[in-house]
Every structure is written in structure tokens, then in C-alpha cells.
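User: Hi! Could you walk me through the ligand site and the internal space of this protein?

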Amino acid sequence: MARGRLITFEGGEAGGKSTQIRLLSERLRSAGMVVRELREPGGTPLGEKIRHLLKHDPDGRGMAAETELLLMNASRAELVRQSIRPALAAGEMVLCDRFYDSTTAYQAGGRGLDGAAVRSVIDFAVGDTHPDLTLWLRVPREIALQRLAGRNALTPSLDDRFEAEKEAFFERVDEAYAALAAAEPQRVRIIDANGDPGTVAERVWHEVASQL
Ligand code: TMP
């Protein structure tokens, strides 16, 4: 059986990743493929507990950046072994809402942890499991802020440690994504995510169809 494919979705907050994953998944399924949708941190029972610690648990407030790095990668190590590798071996298309580029962007870029140390923790967590294609859904920060404000008006935000970060943090995150896209232009494709979901979905499809 042919090996499956791992497609990861990346970007700052409110870039529309979950909508685009759903739309791509529908399109791939209607083309007869078996699709598995996953998210990070999380995606396994243990990983979802780690996600709660990382995002919302009051005990996680003020955690050291190093702790954050290790927890993200503990969740990832589990997801890779429990779900991603078995899915790829079964020939599935795996769509993952964030993967290791988020760690480079947020823990190295945003938090300022040493890039080489971050890389070695990621390598330990994922081994030889790498995305075939990564889509960076890029939206100007002003648009992301408008979307976040709209979302929080609909569903009052659970206290989210990341969404509460300062603007300078998100500027560093975006710069780190831009550096990743420049370093690996074949794998990390930039998607203009400013627009209605159908238009963005066509841009996503164009990349997926031309790369896979
Ligand atoms: P999200 O599911 O709403 O995108 O929330 C996940 C948050 O965790 C988001 O703010 C990005 C952050 N994150 C990291 O800081 N490092 C990582 O490695 C991952 C996967 C996510």
C-alpha cells in the first residue's frame, strides 16, 4: 500500500486553519481518500490533557518557556506514535492543525529560546516523521485581531495563555514563519488567508494538487 501523506497547517492566531482543514478534508474524501484530521497540541487523550495544561489551566500560568517547549513536544511525541505513523502506514491523508513549525515559530521565535536547542527537542519528538507539505495561512495581524474580537464576542474566551500575549510576541512568531518559508520554500508554502473561506480553500487546493 502506498504511504500516506502528512499535510500540516500553520500560522498565527485566527488564520482560519480549522475551516480550511475541514474544507480540504471534504474535498479529499469526495475524491475517495481516507483522511485523518488531527491537532496540536492534543490529538490523543494524553495530548488533550497536555493541551489543557498549556492553554487554560491556571497552574500553567507563568510556566517557564522550557517547560512549554517540552510539554508541546511531549504531546507531539505521543501524536506521532499513536496516530500519525499508523495513519501514514495505512495510506491515509493526515491533515494536522499545527506541527513542529509552530514550535520553531512560538518557542524559538516568540519566546526566544535557543534555535538549536529547540531543533534538537523537536528531532527527538518526531524522529523521521516530517510533513510532506506545510501550508502557512498568513493573515495580516489587524485582520487576525478583528477575527479574534468577533470570535470572543460569540464565545467568551476561556482564558487562553497564548491569545493573551503581547503584539511583539506575534510579530516575532510571524517573522519566524517567514524565515521557515524562506529556508524551505518547497515544503512550506505561503497561502494568502485574507479572504472568504471559499477563495482561500481554492488557494489551498492549488498547492495540494500541485505538490502531491
Ligand atoms: P490553537 O489550537 O488555537 O492554535 O492553539 C494552540 C496554541 O499553542 C497556539 O497559540 C500556538 C501554540 N503552540 C505553540 O506555542 N507551540 C507549538 O508547538 C504548538 C503546536 C502550538
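User: Which side chain has an N or O atom 2.8 Å from a nitrogen atom of the ligand?

Analyst: Happy to help, and please keep in mind that this is a predicted model. The residues closest to the ligand are R51, K55, R98, T103 and Q107. Of these, R51 has a polar side-chain atom 2.9 Å from a ligand oxygen, and the side chain of R98 places an N or O atom 2.7 Å from an oxygen atom of the ligand. The contact with a ligand nitrogen atom, at 2.8 Å, comes from the side chain of Q107.

User: Which element gives the most to the shell around the ligand?

Analyst: The shell has 13 residues, with four nonpolar, three polar and six charged by class. Elements giving two or more residues to it are helix 2 (45–55), helix 3 (65–89) and helix 4 (100–110). With four residues, the one that gives the most is helix 4.

User: How much of the area that the ligand exposes when taken alone does the protein bury?

Analyst: Taken alone, the ligand exposes 480 Å². The share of that area buried by the protein is 92%.

User: And the cavity: which element gives the most to its lining?

Analyst: There is one cavity of 30 Å³ or more, and its volume is about 90 Å³. Its lining includes W136, L137, R138, F170 and D174, and the lining residues divide into five nonpolar, two polar and four charged. Strand 4 (133–138), helix 6 (141–154) and helix 7 (167–183) each give two or more residues. The top contributor, with three residues, is strand 4.

How values were computed
Residues are numbered from 1 along each chain as its sequence is written. This is a predicted model: local features need pLDDT of at least 70, side-chain atom pairs count only at pLDDT 80 or more; totals for chains, interfaces and linings use all residues. Side-chain values use heavy atoms; hydrogens and water are left out. On a 1 Å grid over the protein atoms alone, a cavity is a set of points where a 1.4 Å probe fits but cannot get out, and a pocket is an open set with protein on both sides within 12 Å along at least five of seven lines; lining residues have an atom within 4 Å of a point. Grid points are joined across faces, edges and corners, and a volume is the space filled by probe spheres set on the points. Ala, Val, Leu, Ile, Met, Phe, Trp, Tyr, Cys and Pro count as nonpolar, Asp, Glu, Lys and Arg as charged, and the others, Gly among them, as polar. A residue is near a molecule or strand if one of its heavy atoms lies within 4 Å of it. A polar contact is a pair of N or O atoms within 3.5 Å; within protein, one must be able to donate a hydrogen and the other to accept it, and residues adjacent in sequence count only if both atoms are side-chain atoms. Accessible areas come from the Shrake-Rupley method with a 1.4 Å probe; for residues, only the protein chains shown count as cover.
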